[in-house]
Each structure stands twice: as C-alpha cells, then as structure tokens.
Amino acid sequence: MPVADLLQELESLLGKIDSWNHQYYVLDHPTVPDAEYDRSMQRLVELETQNPHWLRPDSPSQRVGGQPLAQFGQVTHDVPMLSLDNAFNDQDMQDFNRRSLDRLADVTGPLEFACEPKLDGIAVSLLYRGGVLQRGATRGDGATGEDITQNVRTIRSIPLSLRGKGYPEMLEVRGEIYMPKAGFERLNNRARERGEKTFVNPRNAAAGSLRQLDPRITAERPLEMCCYSVGLVKGGSLPDQQARVLERLQDWGFRINSESAVVQGIEACNDYYESLSARRDSLPYDIDGIVFKVNEFQLQEQLGFVSRAPRWAIARKFPAQEEVTRLLDVEFQVGRTGVITPVARLEPVFVGGVTVSNATLHNRDEVDRLDVRIGDTVIVRRAGDVIPQVVSVVIEYRLPHFRRVIFPEHCPVCQSAVEREEGEAALRCMGGLICAAQQKAAIKHFASRRALNVEGLGDKLVEQLVDEGLVSNVAELYTLSKERLLKLDRMGEKSADNILAALQDSKRTTLPRFIFALGIREVGEATALSLARHFGSWPALLASSERQLLDVDDVGPIVADHLRQFFDSLSSLEMVRSLCDAGVGWPDIECAPERDQPLAGQTWVVTGKLETLGRDDAKAYLQTLGAKVAGTVSVKTTCVVAGPGAGSKLAKAEALGIDVVDEESLLALLVAQGIQL
C-alpha cells in the first residue's frame, strides 16, 4: 500500500479511536462493539510498530504505560494550587456569604454561586501546549508537586489531545483523580483472590495507584478524572464565569461532574447541600463535601485571597465517614444460618452522621488480615446505611499487653461445636435450630418486611418470645394466643390484638415471598423470585432435581446444593407442613414462556424514592413481567423508573435519551398487566 494511503489510514484510526474513547470514558456512551474497537486498536499498533517515526505522544496506543521510573521528578506550579476554607453548618455558610458581600460594596442582590461536588480523590494539574498533554503533576504542598505525567497518560478520561478548537496555546487544567466505587470493589476483590493487601477506601486506592513508579500498574487501575478549574492560561482566553469555563472544558474533551449547578443566594447553596447529602450514598463515587464558588470571575478578583485560600470559595464538608477510636473488646454473634461473626465493641465515636459503638470484623480471615488486637486504636468507616466496619489498625499506638482475638471453639449461645466448612471464610455453629440465636434470627427474617411482613413483630419482641419459651421456630408463631402474649412484659391487650391480626394478615402471601422467608442459605429475593417463576408451585419446586434447579436463572451448583439439603431435611419439610396447616398460603404462578412476558428482553433501572411501592417491590414486580433490573444505567437500559431524589442515574438516562417514567406510570403498567398490588 502506498505510504500516503497508510498515513491516511493512520490518521483515520487516530480520529476514530480518540472519538470512541471520549464517548466511552467521558460521556459513558459507547457507540461501537468491543470487537470493533479492539480490531482498530490492533491495526493502529501494527502501523505504529512498522513505522515508529509515525508514533505520536498523543496516540491512544500510548495509554498502556511506559517503563518504570526510579523516582518522581518535582514540578513547580506556575499558579499555586491553593486549599479551601471549610464550612460545617449553615451558620458557617452565612458567615462566608456576609464576608463576601461586605467586600463587594457594588453588589446589591444575592450572589450567584457555582456548586460542585467535592470528589474524594487526588488533586492534579494537567498542562497542555498546543492542545497536547505535556505534563501531569500532583498538588503536593500547593507550590511544588510530583511529576506523574506517565501515570496520568494511562487514565482514559484524560484527553491526550484536546478536542474541538479555540483552546489557549498553553492551558493548565485542574481536577480530581478518583476511583469509582464499583472499580474499587473490583480491585479489592481481585486483591483478596490473590491473597494481597486490600485498600482501605477509594481515595487511598486512587492515591496508591497514582504514585506507582511503574505506570503499567496505574494503567490497570480503574481511575477517572473530573476537572474543576484552570490554572495557567496563555495565548488565549476563557469565559468570564466558573460554570461556563467548565462547559468549555467539557467541549474540549474533559469530564465534568453532572451534579454541578449554579444557584442564586446562600440559602440555595444550603438547599443544594441538603439535596446532594441525601443522595450521597447512591452516587457512584465518594464525595466528602461540596465546593461553593462565586461564579463571576470579576467578583472573584475583587474578593482576592487570604493566606493560602481564596475568599471567593468555600468547601462545606459532610460528616466524616472515617474516624479513629479504640477497640474495647470483641464479641461473637450467631446469625440465622449459624455463621459466627466477630463484632468490635468500640469507644463511641461520631462517624458518618451517627455515634458508632459497634462495628463488624466480618470473619477470622479479616481479623488475621487486620492483625487487630483488643486495645488497638483503629480506623472505623461508615458510609450511609452500610454497617460500620473496622478498616485498619494504627499500629504505632499498639502496646505490648494488647490481647489477640481468640475465636470460640464452641457456640457462645448453645455451646454446640463450631466448624469451618471447606472453601468458606466463616465459622459456623452446628447446633441448627437448637441454637436460640439461630432461632431468633430465623424468626426475625421470616417476619421481616421483605418476607412475610408481620407488622409489629420487631427484634425485641422476637427475642422475648424465644427467651420465654413461647416460640422456637417460625411455625409456632401461628400458635400464639392472646393469653400467652399478655404474659410478656409491657404487652397490653391492644398490642397483643395487633400482633395476632398481623400474623393473620401474613398468612396471605406470594410464592416468591414464602420461598425467601424460609431462609434457605444463599436464596435471596431475586433467586426466590426466579425459582417461583420457573416452577410455579411449591410441590413442583419440592420435586425438582438438581439438574432442573440448575436450569433456573441465579441458581448455580452451591445454591442448588443448599436447596436440595433443605428439601431433603425432614425437620424443614415438617416446618413447611405446619405453616400450611396454620393457613399460610399463596397462589401458584402461571409459568409463562419468556417470549410471552411483556418485558422479556428489556433492562430497567429503579432509582430515587418510590412512595407507594418501595424500590424492592418495584424491582420484584418488574422481574415478574420478565424484565432484567440493573443497578446502573447504560446504553442497554430500556427504561428508568425515577422517584424523588433520583440523581446521577436520572441525569445519565436523560443524557443518553433513555425513556424515564415516574412511579405513577409504573403502577399503571403493573395494573394493566393484571398484577394485584
């Protein structure tokens, strides 16, 4: 092929692959199959290998990482990377606003603020000359950082060359490199499988990934970058507002945060804070606060700086999700399936918006990995509704007399033998339903909202019933009488009547809920629904072979084995018979072929708060109609059900042009399909 044709092919490949990368890594909107992308990249590498003088520094092929460095070089920031003052409450925000208005005598109305989520990552500076990435550096101390150019080049949401036109000859873009939650979990899972040390949190993982002397390691890490400002600008100009600058940077190929907004006045800033705070845990990345900036650059110049921080910006912090405290003791709890979980008893500490005095230590492997001792100073993490956990130990505070954690050889509740099954991390009490702890946990699960939903039968009442010998299994709940209930402490006639009425109501259930309520190991709501839809009736499920069970979605060899063990257990079948004799019942499900299900082949996403159904029930109903319910929005998503508080998933669906419906529309769809709500 003539050289001119090869060069033309090279230019075409560079353009296509750069565009595909931008669509996939910045816009989250892939437009070609992976196979097509791989073929094009393979051809590009082939052309560059055969013609090394054609290799350009901004070629997509150069993201794999170069040779390891001996050490990082130093970079002096032409424009210092300053820190921000912090606000922790509404009054701090009011004071910030008052100080700003006092200095802006000509401003009469409310100030306009750019609001941006404060990503919990690593601040970086990216320098472009002629639109091509020349250098990447860490913030360091604000004046001097480390040269991490080879590492930032591996991050696919960072453009190697700017898109479009009109950018300055020299442009320094500043942003935050972070690790999304999903990528963090994958990274830690892979580390556990290899027996390697795991990262404490996504920020720790991002920092460790960026400071690898071997950029090939960085290239393997799921890092992303969002820009938030510019530094040095020469040979060109930018818009006169913060928000408009971010829009321009987006045009040039950078990712900006979709949650960013512009508001009028400090009260609107506080409203934005409350709104995003409520959705914080549903975001796909960690944020530790919100940055508020006076939007007009002219006003920023008038406000100026104080010490090492600008007067025109402030970071309002969320309650810390990690804190340091002391481990006072370790106790052992027995769960529904006999799993014995070590629980850390802590010196109370305020973290994640609540006071925490207990945290999970998961299992023996986790205790060994942490090398935690009673008396240690530990770091505790709590994010949203996630159970608090001990994530690391501050070894330098350890004293010689601190005690190792000793696991029990017998169940702490019933004294039965404790065993660790092959291939499992957990210790398990072998006492079964003679163990009061397992009895209580099984009854709590059976009565829970997602199972048979016995309203009013809370954890404390269940424990009373078992401790007083009134109930030892779920079937005995339906033998309770008013006279027996009234013997319990603090149980009045009205409360007893309500409990009995709730038990009566719970007898009318569905097959998926009943299967889930039985508490069979590894059988969650989704698997219970799949089993019910596949077999249609309890007798059909009970008579199924292991091969037939393996034909069900969500059922693998381990789940099939647990199901067969339950079906082969005389005590389990006797309990089911007793429940049926007590009047617990459900309608069979007509096993319609998948092609007859109205939503077969579709993928739905449920986000936000659903007032009538609740998200869990909405998902179950959609699955009953044949839909796959996913946790993330992508180009494969058919429809998104969005309730109040829907955030990034709704924004992404709108950006991709995906159908969005509210709860009222979903209810109408379910009723039209004959579902009894």
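In this predicted model, strand β23, which covers residues 603–607, runs parallel to strand β25, made of residues 639–642, and four bridges join the two. One of the contacts along this pairing can be followed residue by residue, for the bridge partner of Thr607 is Ala642 in β25. The two strands belong to an open sheet of four strands, arranged in the order β24-β23-β25-β26 with parallel pairing. At the edges of this sheet stand β24 (628–630) and β26 (659–661), and because each has a single partner strand, one side of each is left without a neighbour in the sheet. From one strand to the next, the twist averages 30°.

A second place to look at strand pairing is β13, residues 313–317. Four of its five residues are buried, so β13 is largely enclosed by the rest of the structure. Strand β2 (residues 86–87) pairs with β13 in the parallel sense over two bridges, and here Ala87 stands opposite Arg316 of β13. Strand β10 (residues 287–294) also pairs with β13, but in the antiparallel sense and over five bridges; in that pairing, Gly289 has Lys317 of β13 as its bridge partner.

From strands we can turn to a helix, α6, which spans residues 202–210 and whose buried residues are Pro202, Ala205, Ala206, Ser209 and Leu210. Seen down the axis of α6, these buried residues fall within an arc of 125°, so they line one face of the helix. The spacing along the sequence helps to explain such a pattern, because an α-helix has 3.6 residues a turn and residues three or four places apart therefore point the same way. The cover over the buried residues of α6 comes from several elements, including the strands β4 (122–129), β7 (170–178) and β18 (377–381), together with the helices α4 (149–152), α5 (181–193) and α7 (215–219).

The interior can also be followed through its nonpolar residues. In soluble globular proteins, nonpolar side chains tend to be buried together. The largest nonpolar core here has 52 residues, and those that touch the most other members are Leu465, Leu477, Ile515, Leu518, Leu531, Trp538 and Leu579. Two or more residues of this core come from each of the helices α12, α13, α15 (493–506), α16, α17, α18 (538–542), α20 (557–567) and α21 (570–581). Ile515 shows what such packing looks like in detail, since, leaving aside residues up to four places away in sequence, this residue touches Val523, Ala528, Leu531, Ala532, Trp538 and Leu541. Apart from this core lies another one, of 30 residues, among them Tyr128, Met179, Leu249 and Trp252.

Two loop residues deserve a careful look at their backbone. Asn453, in the loop between α12 (436–447) and α13 (459–467), has a phi near 55°, which is a positive value in a residue other than glycine, and its relative accessible area of 40% makes it partly exposed. Glu522, in the loop between α16 (511–517) and α17 (525–535), likewise has a positive phi, of about 70°, although Glu522 is not a glycine; at 53% relative accessibility, Glu522 counts as exposed.

Finally, we can step back to the whole protein, whose secondary structure comes to 24 helices and 26 strands and whose C-alpha trace spans about 85 × 65 × 55 Å along its principal axes. Of its 677 residues, 47% are buried, while the accessible surface comes to about 33300 Å², with 48% of it belonging to carbon and sulfur atoms. Among contacts between residues at least 6 apart in sequence, 68% join residues at least 24 apart.

Note on methods:
Residues are numbered from 1 along each chain as its sequence is written. This is a predicted model: local features need pLDDT of at least 70, side-chain atom pairs count only at pLDDT 80 or more; totals for chains, interfaces and linings use all residues. Side-chain values use heavy atoms; hydrogens and water are left out. Buried means under 20% relative accessible area, exposed over 50%, partly exposed in between (1.4 Å probe, protein chains only). Two strands pair if DSSP finds at least two bridges between them. Axes are lines fitted to C-alpha atoms, for helices over the stretch in contact, and angles run from 0 to 180 degrees between N-to-C directions. The arc is that of the directions from the helix axis to the C-beta atoms. Contact means heavy atoms within 4.5 Å. Accessible areas come from the Shrake-Rupley method with a 1.4 Å probe; for residues, only the protein chains shown count as cover. A nonpolar core is a set of buried Ala, Val, Leu, Ile, Met, Phe, Trp, Tyr and Cys residues joined through side-chain atoms within 4.5 Å.
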